[in-house]
Protein chains: 2
Amino acid sequence: MKLYEKFADDIQRLIRQGVYRPGDRIPSVRQASQHHRLSITTVLHAYLLLESRGLLESRPQSGYFVSLTREDSKGRARELQQSKPIAVSSSVDVSRLVLSTLRSIGDDNAVPLGSPYPDPSLFPSEKLNRYAYTAGRDKSMWGVTNALPPGDPYLVRQIARRYLENGMSVDPNEIIVTVGATEAINLCLQAVAKPGDVIAVESPTFYAMLHAIERMGMKAIEVSTHPEYGIDIAALAAIMRSQPVAACMVMPNFQNPLGFQMPDERKRELVEFAARVDMPIIENGVYNELYFGDTHPSTLKSYDKKGLVLHCSSFSKSLTAAYRIGWALPGRYRDKVEKLKFLNTLATPVIPQIAIAEFLERDGYEHHLRRIRKAYAQQANLMRTIVSRFFPEGTRMSSPAGGYVLWIELSPKVDAMRLYQLALEQGITIGPGYMFSISDSYRHFIRLNYSSPWSTRIEQAVIAVGKLAAICAH
Amino acid sequence: MKLYEKFADDIQRLIRQGVYRPGDRIPSVRQASQHHRLSITTVLHAYLLLESRGLLESRPQSGYFVSLTREDSKGRARELQQSKPIAVSSSVDVSRLVLSTLRSIGDDNAVPLGSPYPDPSLFPSEKLNRYAYTAGRDKSMWGVTNALPPGDPYLVRQIARRYLENGMSVDPNEIIVTVGATEAINLCLQAVAKPGDVIAVESPTFYAMLHAIERMGMKAIEVSTHPEYGIDIAALAAIMRSQPVAACMVMPNFQNPLGFQMPDERKRELVEFAARVDMPIIENGVYNELYFGDTHPSTLKSYDKKGLVLHCSSFSKSLTAAYRIGWALPGRYRDKVEKLKFLNTLATPVIPQIAIAEFLERDGYEHHLRRIRKAYAQQANLMRTIVSRFFPEGTRMSSPAGGYVLWIELSPKVDAMRLYQLALEQGITIGPGYMFSISDSYRHFIRLNYSSPWSTRIEQAVIAVGKLAAICAH
């Protein structure tokens, strides 16, 4: 293989992994030549080859960009299309289905393809456990008054520092520590809207968002969402011309289930739109640390000038889910959220906060994250490959830019609940599409989790789901 | 001292400690003679002496009863009177004051007389910490699916067993583990009422109840409450004739701040009344284990035949507050509360659940409880004695039958917020009465915590508060 072919394949892989997304500008010929110690000619040849493959397009005076009309030539599975939900707000009741689905995952013998949680085997639980033990030997950890909101100052400092390392300046005084991101999202939603209000969500949307809306007796309206660029701002604007929308809840990075990373320009546009119409945005950033690209993704919060973005996150996806430690950066709603936290659960236990703060202070959090990001990126590719090969003709799937879930569209003839039942009988769990919508638009979609270290058992389970999908389509 | 005088003094002490409450029948002469190996004549002499002191009264054919018009002859502080709140429902906003008060307690140098929490020094934190460490070494503890509601089966079994030991039969399947009793109360309230609804509470009431009402945008109405018998059922009935009341929230045992234990007959009456009018009762039972009498107090739940009592409790007052482990027994609302728990915080961390379950299984929980009950009863007496001696003429105070707080009524000229500020300047925290009401009926009341092991520092602080109260009354 010639040098330029090898380099072209490298770039192609990065595009497939989602490091470069459709519409992204890739490094200029001169930059690439310097970074990779290749001659200008070699880089140019590689770019021309990729252009001929339809993966790149050159734009005069601007450089090379990843094509917007990319076609995955390998395998049978195609890319997803933008969703077209019905623009009618509706009350929400998905939690029973979600809870029963999650319960089936609790069975240790089941293959947890339906799990929304990261496989804990890659997480530093031994170290955290030791830090918790050491913290617990300090008598002062056993009071409650030091556990009152906003949160333990040691952890708060570590969280603020981590944002700074990722290029986002955060006021530590804005941070409210919560019982997981779930509580953070609930409190933020309660701070900005009241029962009966309409909340705009992505379509499909992460069911935790729907749960918060359900709990508060609010209504949801689903907004058309592109599988790579995220929520359609024009569609959102159109909805708001016909009815009042109290707030918008989105997951701009590695959305669950679609896996996209909203391009920076889109993020900025969304925040500017919200500022114009004075609409709060609840940003769920729990997957932000799990990117497959070279750099940490930006947040909506970083574009926010009016304090309208309520940013929520947690350590549950990146360090440990067992401690249920999350937080909110609620912008101008900070005091309201702090008060609601106090009313909702009074205090967040201190010992786990200290254990996490110690890990962040003393151990290589970034090192740990690099390891799991790499594992997830590889496992995403493996799962995509298996789905491409073994799922029925006509299957479409997401191309995750981070996180650990894959979203799969099956034939419209498939009922995901039936598929779920059949898979469960074989000891395999999957996430039925019903959970991600207030309508049944996703009745033929499923979500698969690829956070578990790859194994024959996982591979065989994915293949088995593909075979069952074929059966369900007949 | 003669034998009958000694026995009379024993009985008098039990009455003062609240073991026998006004209106209680004390053991018959024959029973007492058998139990204490005293002659019939000795017991009879003792009872006659107590009758002459105005502490007992004999009723023909019925036996001896503790006088209803008991006067504390020692010291200057008198008993409290039944509250007469204004029967107008109102929206609630006490949480800011409570949070800022609790924060001042967080200062390690302050004397924590204002704390609502038990002093952790009497709690087995080392053992719990070791159990938590051992549990955390088990990889399976680090998942999330096993932390989903209703709760860890090991802990749930221990909770059910504990109720059984206290004479209350409980279906383990009814138990929902929560993030402290705070979450349990919130979920139960949301399960039975909606925003705008009116909720009946005791007067004064524990502010955690007011917080739950505030958080849900409901309204509170305060019901006249007797300092020894609890909520006035006739007054509650009268309110309900003039306006709809969606639910009632009470703390029948060792109410915070009044410290009373509702007599069994009153409990039964309240539950029967609720059944007649089909009104759910949220029962806060967090202090149930901290009784000063001989036997575990009964619960409203134990009289409930219609599933209308939602019983909430936690380990925060009796074992450790740091873990934030509580639970609900929501009666007929069980499934609703389980769903709301899932929506509110998703999961309750498992490791602390296991640590507590291990302690209950392996160590003497009852032994630990006996130790703290004894300490609290002694400390209550000491604090009552100091208040009697050093607080200004006209001071009234509660006679706690359990728990660890004393409720003190000062001269109407005293503003508890001013007293709070003056005490804080001397490094002493107190609980201002404002926190316990939606009106300012208790502006001249304070709550003092006696859970800390007695010391000169505590004693001097109580005396100092008494002196400041005298200053504020001028």
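User: Contact means heavy atoms within 4.5 Å. How many residues of chain B are in contact with chain A?

Analyst: This is a predicted model, and what follows describes that model. On the side of chain A, 53 residues take part in the contact. Their counterparts in chain B number 52.

User: How are chain A and chain B related, and which C-alpha of chain A is nearest the axis?

Analyst: A turn of 180 degrees with a shift of 0.0 Å along the axis lays chain A on chain B, with an RMSD of 0.2 Å. The two copies are therefore related as by a two-fold rotation axis. At 2.9 Å from that axis, the nearest C-alpha of chain A belongs to Y133(A).

User: How much area do chain A and chain B bury between them, and which residues of chain A lose the most area?

Analyst: The two chains bury about 5100 Å² between them, and 63% of this is on carbon and sulfur atoms. On the side of chain A, three residues lose the most area to chain B, together 15% of what that side buries. They are W142(A), R215(A) and L343(A).

User: Which helix of chain A gives the largest share of the side that touches chain B?

Analyst: Across the interface, 23 residue pairs are in polar contact. On the side of chain A, α4 (95–106), α5 (125–136), α7 (180–192), α8 (207–215) and α11 (334–345) each supply at least two residues. The largest share is eight residues, and the helix that gives it is α4(A).

User: How many salt bridges does the rule find across the interface, and which residue of chain B pairs with E338(A)?

Analyst: Side chains of opposite charge can pair when their charged atoms come close. For the interface of chain A and chain B, the rule finds six salt bridges. In one with an N to O distance of 2.7 Å, the side chain of E338(A) meets that of R103(B).

User: Is E174(B) buried or exposed, and which side chain does its own side chain join in a polar contact?

Analyst: E174(B) sits in the loop between α6 (153–165) and β5 (176–179) of chain B. Its relative accessibility is 15%, under the 20% cut-off, so E174(B) counts as buried. Beyond its neighbours within four places in sequence, E174(B) has contacts that include A328(B), P330(B) and R334(B). Its side chain makes a polar contact of 2.4 Å with that of K301(B).

User: Where is the cis peptide bond that involves P204(A), and what is its omega?

Analyst: P204(A) belongs to the loop between β6 (198–203) and α8 of chain A. The bond that joins S203(A) to P204(A) is cis, and its omega is about 0 degrees.

User: What is omega for the peptide bond from P149(B) to P150(B)?

Analyst: P150(B) is placed in the loop between α5 (125–136) and α6 of chain B. The bond leading to P150(B) from P149(B) is cis, with omega near 15 degrees.

User: L346(A) has a positive phi; is this residue buried or exposed, and what is its relative accessible area?

Analyst: L346(A) is not a glycine, yet its phi is about 65 degrees. Its place is in the loop between α11 and α12 (350–362) of chain A. L346(A) is buried because its relative accessible area falls under 20%, at 13%.

User: What is phi of D278(A)?

Analyst: D278(A) lies in the loop between α10 (264–277) and β10 (281–284) of chain A. With 44% relative accessibility, D278(A) counts as partly exposed. Although D278(A) is a residue other than glycine, phi is positive, near 60 degrees.

User: Why are K6(A) and D10(A) about one helical turn apart, and what is the N to O distance of their salt bridge?

Analyst: Both residues belong to helix α1 (residues 3–16) of chain A, and because they are four residues apart, about one helical turn separates them. K6(A) is partly exposed at 45% relative accessible area, as is D10(A) at 23%. Their side chains meet in a salt bridge with an N to O distance of 3.7 Å.

User: Is R373(B) buried or exposed, and which residue does it meet in a salt bridge?

Analyst: R373(B) has a relative accessible area of 7%, so it is buried. Its salt-bridge partner is partly exposed, at 24% relative accessibility. The N to O distance between the two is 2.9 Å, and the partner is E366(B).

Terms used: Residues numbered from 1 in each chain as written. Chains lettered and ligands numbered in written order. Predicted model: local features only at pLDDT ≥ 70, side-chain atom pairs only at ≥ 80, totals over all residues. Heavy atoms only, no water. Least-squares fit on C-alpha atoms with pLDDT ≥ 70 in both. Buried area = accessible area lost by both parts, 1.4 Å probe. Salt bridge = Lys/Arg side-chain N within 4 Å of Asp/Glu carboxyl O. Polar contact = N/O pair within 3.5 Å; in protein donor to acceptor, adjacent residues only side chain to side chain. Buried < 20%, exposed > 50% of the residue type's maximum accessible area, 1.4 Å probe, protein only.
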